2 protein chains.
Amino acid sequence: MKSATINDVAKQAGVSKKTVSRVINNEANVSDAMREKVQKAVIETGFKRNPLGMALAKNRSLFIALLTDNPSPGYLMKLQKGILQGCTEEHMGLFLYDCSYYSNNLLDEVEEFIDNTLVDGLILAPPICDKLELLEMLNRKQVNYIRIGPSYRTQGEFVGLNYQKASFEVTSYLIRLNHQQIGYIKGHPDEESSVIKEQGYRNALEENGIKIDESLMVQGYYTYQSGKDAAALLLNKTPRPTAIFASNDEMAAGVLYEAQSRGIKVPQELSISGIDDISITTKVFPNITTYRHPLVNIGYNAAMLLIKRLKNKKNAPPCGDEKNNQIFEGELVIRDSTATIK
Amino acid sequence: MKSATINDVAKQAGVSKKTVSRVINNEANVSDAMREKVQKAVIETGFKRNPLGMALAKNRSLFIALLTDNPSPGYLMKLQKGILQGCTEEHMGLFLYDCSYYSNNLLDEVEEFIDNTLVDGLILAPPICDKLELLEMLNRKQVNYIRIGPSYRTQGEFVGLNYQKASFEVTSYLIRLNHQQIGYIKGHPDEESSVIKEQGYRNALEENGIKIDESLMVQGYYTYQSGKDAAALLLNKTPRPTAIFASNDEMAAGVLYEAQSRGIKVPQELSISGIDDISITTKVFPNITTYRHPLVNIGYNAAMLLIKRLKNKKNAPPCGDEKNNQIFEGELVIRDSTATIK
DNA sequence: GATTGGCTTGACACCGGTGTCAAATTGTGA
DNA sequence: TCACAATTTGACACCGGTGTCAAGCCAATC
């Protein structure tokens with residue numbers, strides 16, 4: 001029950017293997033008559049190209065993989081969904097690999113993964129996408145990659161959200177609701193996104209003439225628990241901030257929990273907002289105001305960019321042109337966790 | 001910068017390719033002296049077997065894939081994590097493929113995916129794992145598979161939780177808290193797990209001498225929204241049930257939201273429990289009582305079972321022995337969404 | 001000493017494609 | 001009509017491994 005090979009097609013059409021190869025690869029310099037004859041034979045035999053044979057001959061597998069470091073599950077699910085969509089559309093398989101930013105031998109692990117699967121393209125999710133040594137290793141191994149999320153400190157292409165605008169808009173919105181004491185929970189210190197988002201928060205305050213109170217800015221790590229802990233610090237302050245802006249939704253959910261466990265009414269006594277618009281924001285009560293992060297779309301575009309590059313350029317340089325960077329816009333999503341004060 | 005091939009090793013050791021092949025595959029009938037000599041050469045050259053070459057020669061890629069139909073994100077994340085763990089341990093790549101149970105040409109899509117990746121093993125998550133036509137296609141294509149979640153109606157091995165015990169224990173616990181009117185939200189009618197779980201609920205009521213009230217049993221579909229909708233039906237009843245048992249956590253979260261949006265206090269006025277112990281249960285307020293579903297472990301074991309089978313048996317029969325089924329036990333996890341009544 | 005058999009090793013074809021280069025065919029201009 | 005170039009096609013080696021089978025070697029048996 002094996003499927004037809006290129007030899008079967010060649011026999012059926014009465015031509016050489018190579019000619020069949022030319023036709024199925026849409027190469028130039030094939031006569032129309034020949035092309036037609038071969039295409040007919042392809043259909044008759046039900047031929048499907050064996051990707052392994054091709055990979056071996058061309059020394060390019062065309063397989064790609066998503067490298068994650070287990071950020072917020074909601075974030076990952078959205079991203080993964082978009083990437084899968086792109087891969088399916090392009091008839092490509094997607095490998096998954098979960099690693100740890102802080103693993104001692106991250107590089108060896110990833111290198112082994114690449115050797116085991118022979119992927120020749122990677123999509124790097126944050127925070128792994130900012131790990132310089134990793135990027136260098138990929139360059140050395142000639143493995144193409146695209147990164148998710150804006151990243152200017154290190155080289156390589158990225159596809160991501162305009163974070164500065166995101167946090168600027170959320171902060172501005174809270175200010176429009178008359179909040180003056182807006183607690184802010186920072187992102188992971190190792191991720192470049194944290195710096196960018198913080199800048200947006202600062203800019204919005206400044207632009208509205210609100211003095212920046214550093215004690216209202218608390219370190220978080222993009223996790224639920226860190227959001228909860230940070231909220232505890234902020235809610236212990238007197239006077240208590242009237243709003244808390246967590247720099248991602250995962251932390252915002254933690255803030256909501258902490259507030260509710262203290263009997264603080266949301267949004268009557270405390271407004272809460274996040275960034276990302278992951279699924280949990282519409283599953284908790286009240287639904288959380290946030291900023292839409294088009295992660296599905298971002299994942300899709302990242303996958304497409306990578307795949308197209310692999311398919312077109314024979315030996316595409318591992319690191320792309322910065323002009324290929326794609327920065328997406330989102331928009332404020334107002335829900336029930338924010339309200340005007342007084 | 002290409003890595004050494006088997007030819008390089010052979011040259012270095014002064015032996016034939018085939019002998020090197022024998023050593024790296026740990027075949028019998030190789031003299032100790034020869035084995036040592038080759039192993040030395042392997043180390044010296046830094047040789048790593050090219051999986052593509054092997055796959056082509058043996059006509060088995062050893063790649064596996066996880067086929068999902070996008071159930072609850074929390075469920076999927078846990079499962080995926082365990083599977084990835086197993087794959088990494090066994091130095092295998094994991095392909096991901098997301099499909100839709102109700103797609104008109106599901107079979108064609110999956111078949112194309114298999115042809116594009118040449119996976120020779122699949123892990124099927126529910127509900128896709130109960131789709132008979134799919135299983136038949138996989139048998140025909142000689143693709144091995146393991147299913148997640150108990151499934152007795154269709155053939156093939158599975159690894160899963162003892163659902164009947166799970167729902168029996170949850171129901172019994174609610175009864176111990178003095179609840180008599182326990183609303184039940186069923187699982188998706190197309191999934192076998194729904195039947196099994198429902199039986200556990202019924203058994204617990206009967207065993208405790210509580211008459212089964214069919215109007216307390218509402219259809220759900222394992223999604224958040226369906227849980228919310230079902231809760232709305234149940235909470236409109238008079239007298240209102242004092243507890244609602246949703247047959248998965250995703251729906252339980254929906255129930256919690258619906259109750260809170262009506263101002264019903266949980267757990268004082270309504271107890272809520274689910275099954276699965278996915279991450280959302282500890283992110284909402286109050287944390288949801290549930291039954292631990294060892295999905296990480298289940299995923300890990302499923303991956304191991306599949307990989308071992310692929311590695312050992314050359315032409316393992318696509319469908320395994322029922323004796324290979326692995327049924328796991330979980331345990332009740334009591335949190336804050338349940339309380340004793342009156 | 002010749003025969004038998006087990007164990008170890010290597011030559012060679014093959015898996016399913018692609019790259020190279022030369023041969024065959026067609027087209028062009030003088 | 002012929003020389004020459006451009007286009008189309010095929011023969012063959014090769015990518016990196018594995019399977020088959022025969023040959024070489026040695027000890028045990030008759």
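Student: Which DNA strand C atom does a polar side-chain atom of B:Arg22 lie 2.6 Å from?

Tutor: A base oxygen. Keep in mind that this is a predicted model.

Student: OK. What about A:Ser21 and DNA strand C?

Tutor: There the partner is a phosphate oxygen. An N or O atom in the side chain of A:Ser21 sits 2.4 Å from that oxygen.

Student: And which part of A:Asn50 lies 2.9 Å from a phosphate oxygen, backbone or side chain?

Tutor: Backbone. An N or O atom of the A:Asn50 backbone lies at that distance.

Student: Which elements give two or more residues to the surface near DNA strand C?

Tutor: Helix H2 (17–24) and helix H4 (51–58) of chain A, plus helix H2 (17–24) and H4 of chain B. H4(A) has the largest share, five residues.

Student: How many residues surround DNA strand C in total?

Tutor: 28. The closest are A:Lys2, A:Ser21, B:Thr19, B:Arg22 and B:Asn29.

Student: On the DNA side, how much of what comes within 4 Å of the protein is sugar and phosphate?

Tutor: 64% of those strand C atoms.

Student: What's the class mix of the surface near DNA strand C?

Tutor: Ten nonpolar, nine polar and nine charged residues.

Student: Switching to the protein contact. How much area do chain B and chain A bury between them?

Tutor: About 4200 Å². Carbon and sulfur atoms carry 66% of that.

Student: Which three residues supply the most of chain B's buried area against chain A?

Tutor: B:Leu52, B:Lys283 and B:Phe285. Together they supply 16% of the area chain B buries there, more than any other three residues.

Student: How many residues does each chain put into the contact?

Tutor: Chain B gives 46 residues and chain A gives 46 residues.

Student: Back to B:Lys283. What does its side chain meet in a salt bridge?

Tutor: The side chain of A:Glu250, at 2.4 Å, N to O. The count between the two chains is four salt bridges. Polar contacts come to 13 residue pairs, both residues at pLDDT 80 or more.

Student: Which element gives the most to the side of chain B that touches chain A?

Tutor: H5(B), with six residues. By class, that side of chain B has 21 nonpolar, 16 polar and nine charged residues.

Student: Last one. Do E2(B) and strand E2 of chain A pair in the parallel or antiparallel sense?

Tutor: Antiparallel, over three bridges. In chain A the strand covers residues 94–98. A:Leu94 has B:Leu96 as its bridge partner in E2(B).

Notes. Residues numbered from 1 in each chain as written. Chains lettered and ligands numbered in written order. Predicted model: local features only at pLDDT ≥ 70, side-chain atom pairs only at ≥ 80, totals over all residues. Heavy atoms only, no water. Contact = heavy atoms within 4.5 Å. Buried area = accessible area lost by both parts, 1.4 Å probe. Polar contact = N/O pair within 3.5 Å; in protein donor to acceptor, adjacent residues only side chain to side chain. Helix = DSSP H or I, 4+ residues; strand = E, 2+ residues; numbered from the N terminus. Nonpolar A, V, L, I, M, F, W, Y, C, P; charged D, E, K, R; others polar. Pairing = 2+ DSSP bridges. Near = heavy atom within 4 Å.
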